[in-house]
Amino acid sequence: METTAPLTLFNSLTRRTEPFVPVHAGEARVYTCGPTVYNYPHIGNMRAYVFADVLGRTLSFKGYKLTHVINITDVGHLTDDADDGEDKMERMAAARKQSIWDVAEHYKQAYWADVRALNIRQPAQWTVATDYVEQMIEFAKGIAAKHCYELESGLYFDVSTVADYGRLARAQTEDGEGRIEAVEGKRNAADFAIWRKTPPGETRQMEWDSPWGKGAPGWHLECSVMSGAVLGFPFDIHTGGIDHREIHHPNEIAQNQAHCCTNGLDVPTNSGAKVWMHNNFLVERSGKMSKSSGEFLRLQLLIDKGYHPLAYRLLCLQAHYRSELEFSWEGLGAALTRLKRLVMAVEQLRARNEDTASTAPGPRFQPFLERFDAAVSDDLNTAIALTVLEEVAVLKKVDPAEKLAALAAMDSVLGLNLLSLTRTDLRIRPKSATITEAEIEETLAARKEARAAKDFARSDALRDELAAKGVEVMDGDPLGWEWKLVP
């Protein structure tokens, strides 16, 4: 379909919503800060990648040739985002008594499994930090003379050598220095390491020779090098979680300025990217969003409790990416019910239309598609876009093939996989369940017989028997779901 609404995006650097004008006509080059693969991602981490996926899908929907890059950090990220503490990878390797390379591979695969489960499209390229160390050293050598100085612990970037340092970071521009590392000898409190030397007498599993001694690159350096190497400076959009806006991304920007120019940030492309976009936090009141809380909220935990992962994706779509989103099991359950309604509507259409490859939405659907286009073009307003899709799903007396085509066009942005998801797919068995589906169906059949014979005492007894085994029977459910296993 032809999209006509102008795409506008909120730029964290300029603090305003702006028309998207690509650096290269017809193209969109996007870099997303990926995970540090020292542990499983929690669902708050995964909100960032759902957001970045919707951005990429919207750019494709709008007709741009998309090149999306996501990095994998397997070295250099310390336990404090402000460039302090132990290396997260080294610490986890010691705790697991494994090779750091094995740890990185294990958690990288776990992250990729979550990406697939959430129907996040594969980027054009995954960049892995350890594949770019030599380029990081060359990048650092190129800026060291004018912008860096050496201490016993490593090579540090002098933030006073670039204009407008910290403009992106609200914490740093409004609250002073933000979270910074106290290192003896630093010229400025906000200076940060771009190369960290291995301490005397120690050996790290990941270390390389450099002009500043054996060691490893700083976390901030990695993203500057990988984004510039693959996308070229300046590129269009840099995304990440709102937590990166305060330290990591300002430090990236400083390095990019040093590498490309020393001009100020009144011209956004001097930052290395034209637009900087950040999703807000997922909030969970019990504190289980933290990876230090033991059984923290992983996507697999949601699945273990009987929730399809795309219910979580839909939960994310219900809120604007720049708004805080509160997680609750009740909210996730409501999102699952909302997803079930959509899946059932599309399933019925698919049953009536086996071949829709050549069908396009007709004039009846154009007003809905225009409203949908306007919503996603308005800084990715997925909450409104989702309601438009639902309006189309319940339309009566329309051509079913055209209706299915309209839903497919909308779902290409929302990514709920509606054209292949089934009711059966959404009935996920909680890990704690012991009763089999065959036993459930057999008991339900007996219960239906009892109700037909008006033997309500037996019907109630069978319902209680199922409830005791974790099966909730939903009499009169308009979705026709009949039962579900509860965790």
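Helix H1 (residues 43-61) is largely enclosed by the rest of the structure, because 17 of its 19 residues are buried; buried here means a relative accessible area under 20%. The model is predicted. The length of H1 is also consistent with a regular helix rise: at 1.5 Å a residue, its 19 residues should span 27 Å, and the end C-alpha atoms lie 26 Å apart, which agrees. After H1 comes Gly 63, whose phi is positive, near 95 degrees.

**The parallel sheet**

Five strands form an open sheet with parallel pairing, in the order S7-S4-S3-S12-S13. Its edges are strand S7 (125-128) and strand S13 (273-279), each of which pairs on one side only. From one strand to the next, the twist averages 20 degrees. Within this sheet, strand S3 (residues 27-32) and strand S4 (residues 65-72) run parallel and are joined by six bridges. Tyr 31 stands opposite Val 69 in S4. Helix H7 (residues 248-260) packs on the sheet, where it touches strand S12 (235-241) and S13, and its direction makes about 170 degrees with that of S13.

**Antiparallel strands**

Strands of a sheet can also pair in the antiparallel sense, again through backbone hydrogen bonds. Strand S8 (residues 148-151) pairs in this way with strand S9 (residues 154-157), over four bridges. The connection from S8 to S9 is a hairpin of two residues. Cys 148 has Phe 157 in S9 as its bridge partner. S9 also pairs with strand S10 (residues 192-197), in the antiparallel sense and over four bridges. There, Tyr 156 has Ala 193 in S10 as its bridge partner.

**A helix pair**

Helix H11 (residues 366-377) packs against helix H13 (residues 400-414) at an angle of about 5 degrees, and their axes are 11 Å apart. H11 is therefore roughly parallel to H13, since angles under 35 degrees count as such. On the H11 side, the contact consists of Phe 368, Leu 369, Phe 372 and Val 376, which meet Ala 406, Ala 409, Met 410, Val 413 and Leu 414 in H13. The residues of this contact divide into nine nonpolar, no polar and no charged. In an α-helix, residues three or four places apart point the same way, because there are 3.6 residues a turn.

**Backbone exceptions**

Most residues other than glycine have a negative phi, and most peptide bonds are trans. A cis peptide bond joins Phe 233 and Pro 234, with omega about -10 degrees. Pro 234 is in the loop between helix H6 (219-231) and S12. Two residues other than glycine with a positive phi are compared in the table.

| Residue | Phi | Loop between | Relative accessible area |
|---|---|---|---|
| Asp 164 | near 65 degrees | S9 and helix H5 (170-175) | 30% |
| Lys 454 | about 60 degrees | helix H15 (437-452) and helix H16 (456-468) | 64% |

By these values, Asp 164 is partly exposed, whereas Lys 454 is exposed. The class of Lys 454 follows because exposed means a relative accessible area over 50%.

Terms used:
Residues are numbered from 1 along each chain as its sequence is written. This is a predicted model: local features need pLDDT of at least 70, side-chain atom pairs count only at pLDDT 80 or more; totals for chains, interfaces and linings use all residues. Side-chain values use heavy atoms; hydrogens and water are left out. Two strands pair if DSSP finds at least two bridges between them. The expected span of a helix is 1.5 Å times one less than its number of residues. Buried means under 20% relative accessible area, exposed over 50%, partly exposed in between (1.4 Å probe, protein chains only). Axes are lines fitted to C-alpha atoms, for helices over the stretch in contact, and angles run from 0 to 180 degrees between N-to-C directions. Contact means heavy atoms within 4.5 Å. Angles under 35 degrees count as roughly parallel, over 145 as roughly antiparallel, 65 to 115 as roughly perpendicular and the rest as oblique. Ala, Val, Leu, Ile, Met, Phe, Trp, Tyr, Cys and Pro count as nonpolar, Asp, Glu, Lys and Arg as charged, and the others, Gly among them, as polar.
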